[in-house]
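Trainee: I would like to practise reading a structure by its definitions. Could we go through one together, with each term set against its value?

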Amino acid sequence: MSDTEWQSASPAPVVPEKARQGAETHGRDWQWVEATVWSERMLAALGNGVRGGKWFSLSDKVYRPETLKVAWDKVRKNAGAAGVDGQSVKQFGFRAEVYLAELEQALKTGEYRPEPIKRVEVPKGGGKLRPLGIPVVKDRIVQTALKLVIEPIFEREFEESSYGFRPQRGCKDALRQVDELIKQGYTHVVDADLENYFDTIPQGFLMRQIAERISDGRVLELIGLFLSQDVIQGMKRWTPTGGTPQGAVISPLLANVYLHPLDRQMKQNDYRMVRYADDFVVLCRRAQKAQAALEEVKSWVEQNGLRLNEDKTHVGDCRQAGQGFEFLGYRFEAGRRWVRPKSFKALRERIRIKTKRTRGESLAKIIADLNPMLRGWFNYFKQAHPRVHELMDGFTRRRLRALLRKHEKRPGMGRCLDDHLRWPNAFFATQGLFTMVTARELASQSR
């Protein structure tokens with residue numbers, strides 16, 4: 001669509017010629033949008049709404065050289081493993097200009113076809129494995145370019161209750177909102193779990209939702225190609241009949257598009273929902289309202305081809321012991337925030353791996369290896385009950401004492417009084433070990 005067509009699509013406000021890209025439009029801050037893709041006139045049209053609510057002529061924005069270059073820069077920074085063609089990001093970079101020109105031509109002529117996705121399984125915890133999809137580098141670039149073009153169109157519609165995989169939003173924002181609602185008396189909580197959500201999204205329903213906002217046939221075809229990408233795992237190859245492609249850059253956006261009608265329905269019916277991707281809770285003031293919310297969620301899920309995991313979906317009063325709920329790694333129960341057992345055990349296991357008694361390195365090196373992990377975990381879980389941090393600090397020091405005993409060729413687990421006297425907490429502090437209790441105290445003093 002030309003610049004004049006953008007102006008005729010809706011009455012655009014006067015935009016200063018040197019206005020900074022990303023002005024607030026439609027009540028949203030658009031500073032995050034890619035300036036090489038979204039011009040001032042396009043942003044004005046985004047704010048006022050285009051004719052019929054649908055966007056046309058977007059495909060040329062996808063294969064524009066500037067867009068592909070930005071997309072490549074993002075893929076290069078994210079790195080990642082090679083796909084089925086064996087080409088790494090580094091190898092692509094040696095001839096990036098040539099490959100990007102080939103992609104532009106293939107997209108322009110309609111000859112572009114994505115390669116199959118390489119599927120691998122990575123440890124999930126508890127002895128389980130999690131499937132992970134790895135697209136080839138060129139497909140990651142095209143998906144990133146596509147996302148740069150279409151994401152603002154859907155961001156304009158998304159509700160404030162949605163936090164996952166969205167610009168300028170994150171886990172901590174969602175947790176902050178949950179905290180605030182609980183303080184306001186919304187303590188009866190529906191904790192819902194969608195079963196295998198990303199693998200079960202009905203593709204036909206999803207494409208119809210996308211087509212409500214995008215009428216560019218080439219863009220719709222491109223999205224359809226990604227949804228129907230073959231998957232290769234070892235000697236097996238198959239074409240998924242549902243869901244969004246695992247590991248794909250575009251998948252989180254498409255997943256948010258599909259759940260947007262649920263966000264909108266819950267808001268219209270005066271429910272307080274907080275959603276992060278497929279993980280969401282509905283907070284209510286009364287038990288009856290929470291039960292009604294659960295029935296409404298069940299009805300919507302069933303009508304839209306999804307399934308609730310009945311074993312993991314429940315309603316409870318989070319003020320009461322035993323009726324709490326888990327959300328984004330935390331457990332909210334009896335007026336406190338704890339770390340959910342799974343997250344707690346996962347860090348302990350990572351500490352065990354780094355502090356094996358057979359590790360023949362110096363204490364200084366082991367502590368240097370531990371500190372970034374401990375600091376990152378604390379930064380996310382700093383709002384948990386202080387007892388959590390005390391327990392984790394104690395476990396870390398105990399592991400290090402056992403390791404020091406091993407260095408001296410003495411058996412034992414570092415639990416006895418002599419070990420505490422020989423290597424007290426202050427000793428590890430002088431060695432530079434990060435401690436969560438100290439970090440919490442410092443954080444409290446700086447407020």
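Mentor: Gladly; this is a predicted model, and we will take salt bridges, burial and cavities in turn.

Trainee: What makes the pair E151 and K147 a salt bridge?

Mentor: The closest N and O atoms of E151 and K147 are 3.4 Å apart. The rule asks for a Lys or Arg side-chain nitrogen within 4 Å of an Asp or Glu carboxyl oxygen, so the pair qualifies. In general terms, side chains of opposite charge can pair when their charged atoms come close.

Trainee: Why are E151 and K147 separated by about one helical turn?

Mentor: Because they sit 4 residues apart in helix α7, which covers residues 137-155.

Trainee: How do you know which of E151 and K147 to call buried, and which partly exposed?

Mentor: Buried means under 20% relative accessible area, and exposed means over 50%. E151 has 7%, so it is buried. K147 has 23%, which lies in between, so it is partly exposed.

Trainee: What makes R337 and D179 a salt bridge?

Mentor: Their side chains meet with N to O at 2.5 Å, and the limit is 4 Å, so this pair also passes. R337 belongs to strand β13 (residues 336-339) and D179 to helix α8 (residues 171-183), so the bridge ties together parts that are 158 residues apart in sequence. R337 has a relative accessible area of 10% and is therefore buried.

Trainee: And which values describe R359 and E361?

Mentor: The closest N and O atoms of R359 and E361 are 2.5 Å apart, and they form a salt bridge. R359, at 16% relative accessible area, is buried, whereas E361, at 28%, is partly exposed. Both residues belong to a network of salt bridges that also links K354, K365 and D369.

Trainee: How many salt bridges does a search of the whole structure find?

Mentor: The search gives 26 salt bridges.

Trainee: On to burial in helix α11: why is I223 called buried?

Mentor: I223 is placed in helix α11. Its relative accessible area is 1%, and the cut-off is under 20%, so I223 counts as buried.

Trainee: Which residues is I223 in contact with, leaving aside neighbours within four places in sequence?

Mentor: They are L146, I150, M207, I210 and L254. I223 and L146 are 77 residues apart along the chain, with their C-alpha atoms separated by 8.6 Å. Contact is judged on heavy atoms within 4.5 Å, so a C-alpha separation does not decide the matter.

Trainee: How many cavities of 30 Å³ or more are there?

Mentor: The count is 2. The largest cavity holds about 150 Å³ of space, and the second largest has a volume of about 30 Å³.

Trainee: What lines the largest cavity?

Mentor: The lining has 14 residues, with L107, G110, R218, E221 and L222 nearest the centre. Helix α11 gives the largest share, 5 residues. By class, the lining of the largest cavity has 8 nonpolar, 2 polar and 4 charged residues.

Trainee: What makes G110 polar in such a count?

Mentor: Gly is listed among the polar residues by the class rule, so G110 is polar here.

Trainee: Which residues line the second largest cavity?

Mentor: L374, D393, T396, R397, L433, F434, T435 and M436 do. Helix α16 (residues 386-407) supplies the largest share, 3 residues. By class, this lining has 4 nonpolar, 2 polar and 2 charged residues.

Note on methods
Residues are numbered from 1 along each chain as its sequence is written. This is a predicted model: local features need pLDDT of at least 70, side-chain atom pairs count only at pLDDT 80 or more; totals for chains, interfaces and linings use all residues. Side-chain values use heavy atoms; hydrogens and water are left out. Helices (H or I, at least four residues) and strands (E, at least two) are DSSP runs, numbered from the N terminus. Buried means under 20% relative accessible area, exposed over 50%, partly exposed in between (1.4 Å probe, protein chains only). On a 1 Å grid over the protein atoms alone, a cavity is a set of points where a 1.4 Å probe fits but cannot get out, and a pocket is an open set with protein on both sides within 12 Å along at least five of seven lines; lining residues have an atom within 4 Å of a point. Grid points are joined across faces, edges and corners, and a volume is the space filled by probe spheres set on the points.
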